[in-house]
Amino acid sequence: MHELSLVEDILRIAGKESGGRTVTRVVLEVGALTCVTPEALEFCFDSCKAAAALAQAQLIIERRAGVARCDQCGNEFEIGKLYQPCACGSFDKAILQGQELRIISLELQ
Ligand SMILES: [Zn+2]
């Protein structure tokens with residue numbers, strides 16, 4: 001499962017960055033265009049955190065909608081999928097938001 005290896009990375013990074021302190025929160029930014037299911041991330045996180053010595057940690061997911069700007073008409077629009085066209089019919093666009101997948105912050109105790 002894609003989410004499982006992601007969670008393993010997240011837990012490894014959080015453990016390393018904590019410097020031995022207790023991690024209480026891991027805040028993750030997840031874009032709508034990343035093909036990652038937030039529910040699966042949460043499930044994997046809760047299943048794996050104890051083994052990574054991060055049993056106290058809570059995963060907070062901040063979702064980002066997909067936003068693109070059309071290269072043809074300049075329109076900025078929300079997209080749910082990468083290949084979604086602009087209302088003008090053009091498929092040429094720049095993705096402005098929605099591909100984020102990163103740890104924003106850690107809360108330590
Ligand atoms: Zn357009």
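This passage walks through the two sheets, the helices packed on one of them, and the nonpolar core. The model is a predicted one, in which local features need pLDDT of at least 70, side-chain atom pairs count only at pLDDT 80 or more, and totals for chains, interfaces and linings use all residues. Residue numbers start from 1 along each chain as its sequence is written.

Helices (H or I, at least four residues) and strands (E, at least two) are DSSP runs, numbered from the N terminus. Strands count as paired if DSSP finds at least two bridges between them. One open sheet has three strands in the order S2-S1-S6, with mixed pairing. Its edges are S2 and S6 (101-108), each pairing on one side only. From one strand to the next, the twist averages 20 degrees; axes here are lines fitted to C-alpha atoms, for helices over the stretch in contact, with angles from 0 to 180 degrees between N-to-C directions. S1 and S2 run parallel over seven bridges, and Glu29 has Glu62 in S2 as its bridge partner.

Helix H1 packs on this sheet and touches S1 and S6, its direction making about 40 degrees with that of S6. Contact means C-beta atoms, placed from the backbone, within 7 Å. H2, for its part, lies across S1 and S2 and runs at about 165 degrees to S2.

Which residues of H2 (38-48) are buried? They are Leu41, Cys44 and Phe45, where buried means 20 or more other C-beta atoms within 10 Å of the residue's own, exposed 12 or fewer, and partly exposed in between, with C-beta atoms placed from the backbone. These three sit on the same side of H2, because they cover an arc of only 105 degrees around the axis, taken from the directions from the helix axis to the C-beta atoms. Glu39 and Ser47, on the other side, are exposed. Cover for the buried residues comes from elements including H1 (2-17) and S2 (58-64).

The largest nonpolar core (buried Ala, Val, Leu, Ile, Met, Phe, Trp, Tyr and Cys residues joined through C-beta atoms within 7 Å) has 14 residues. H1, S1 (23-31) and H2 each supply at least two of them. Val26 is among the residues with the most contacts inside the core; leaving out residues up to four places away in sequence, Val26 touches Ile10, Ala14, Ala57, Leu59, Ile60, Ile103 and Leu106.

The other three-stranded open sheet is antiparallel, in the order S4-S3-S5. S4 (76-79) and S5 (93-97) each have a single partner strand, so one side of each is left without a neighbour in the sheet. S3 (66-70) pairs with S5 over four bridges, and Cys70 is partnered by Lys93.

Definitions and conventions:
Contact = placed C-beta atoms within 7 Å.
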